[in-house]
Amino acid sequence: MNSDLPTPPADAPWEKVAAATRADRAARGSADEQAPFGFSTRIVAAWQEIRRNERAALWAKWSLRAAFCSMAIAALVVALQRPERNDTALLPLPAYELP
Amino acid sequence: MRVKKMQPTPADIPDAGWDDVLTRVRAGSETAARDLVDRLYPHVIRIVRSHLPRAADEEDLSQEIFMKIFSRLDRFRGEVPLPHWVARIAVNTCYDRLRRQKVRPELRFADLSEDEADFLQATMTAETEESAPREGAGMVEKLLATLNATEQTVLRMLDLDQKSVKEICDLTGWGASKIKVTAMRARRKLAETLRKLESSSQPA
């Protein structure tokens, strides 16, 4: 067992079971640890798909923001170009010259 | 007598030009990405197999781990070796999977198969750890399934993979005291379960 912890008695049931399991694993060795056929291709395809989607989502997000900004600027321009209130004031009354 | 350490630590994996592969993967090279998966797969699958009870989920979980690796690759700054960083992701993903699984509250002798019952009886009567029988994987998985995810993760790494407390701290991000307390509690629970199994296996 691990030296960092108080060592349990060697005949403790769990210690025996764990030891047997370790021995079993060691006997089995490290067979078939290579990636199954097509595994890496599948992972990479999924990753590329996610990247594409992320790029598309990013594009959509910034497009939306750009659209809002454009509308805000357009509204601002329209507001600034409105005629002043004074311009709409009544024209001076015509003056008559009496003979 | 100790059984030789079975699972290589991330440091055991030679640094075989990870920087070059990572640079190419970040640049979007599919060939480099496939190469990265092929090279990391043995390391990841060993962690998955030592944490996951059911072999059926093996590929699914490995896939989830690799997707996390790729999605976080831009955040990898190289402060630790790549295999170590990958091991942390793998261990945490396995831990999350264990947390989603139901804890089996109790293990009864009737739940054991004939082979597992034989294994239990032979193990209990073995004089030393070395004389205990082999092929008890199924039995061990059933025993561990009675523990919660944290206890399972700690015991698998401590007692089955024979990692040190410091290594477990590095991999899980948990404190040493939490690991020690959890291990002691889990071992006590298992000892109790085994005692009950042993007593119920005795003919009346």
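This is a short conversation about helix packing and one loop residue in a predicted model.

Tutor: Local features here need pLDDT of at least 70, and side-chain atom pairs count only at pLDDT 80 or more. Residues are numbered from 1 along each chain, and chains are lettered from A in the order in which they are written.

Student: Why are H1(A) and H7(B) called roughly perpendicular?

Tutor: Helix H1 (residues 13–28) of chain A and helix H7 (residues 149–160) of chain B pack at about 70°, with axes 10 Å apart. Roughly perpendicular covers angles of 65 to 115 degrees, so H1(A) and H7(B) earn that name.

Student: Which residues of H1(A) and H7(B) meet?

Tutor: Contact means heavy atoms within 4.5 Å. Trp14(A), Ala18(A), Thr21(A), Arg22(A) and Arg25(A) meet Leu155(B), Asp159(B) and Leu160(B). By class, that contact has 4 nonpolar, 1 polar and 3 charged residues.

Student: What makes H2(A) oblique to H3(B)?

Tutor: Helix H2 (residues 39–80) of chain A and helix H3 (residues 58–72) of chain B pack at about 45°, again with axes 10 Å apart. Angles under 35 degrees are roughly parallel and those over 145 roughly antiparallel; outside these and the perpendicular range, the rest are oblique. H2(A) is therefore oblique to H3(B).

Student: How do you know whether Gln162(B) is buried or exposed?

Tutor: Buried means under 20% relative accessible area, exposed over 50%, with partly exposed in between. Gln162(B) has 11%, so Gln162(B) is buried. Gln162(B) is found in the loop between H7 and helix H8 (165–172) of chain B, and has a positive phi of about 55° although it is not a glycine.

Methods. Side-chain values use heavy atoms; hydrogens and water are left out. Axes are lines fitted to C-alpha atoms, for helices over the stretch in contact, and angles run from 0 to 180 degrees between N-to-C directions. Helices (H or I, at least four residues) and strands (E, at least two) are DSSP runs, numbered from the N terminus. Ala, Val, Leu, Ile, Met, Phe, Trp, Tyr, Cys and Pro count as nonpolar, Asp, Glu, Lys and Arg as charged, and the others, Gly among them, as polar. Buried means under 20% relative accessible area, exposed over 50%, partly exposed in between (1.4 Å probe, protein chains only).
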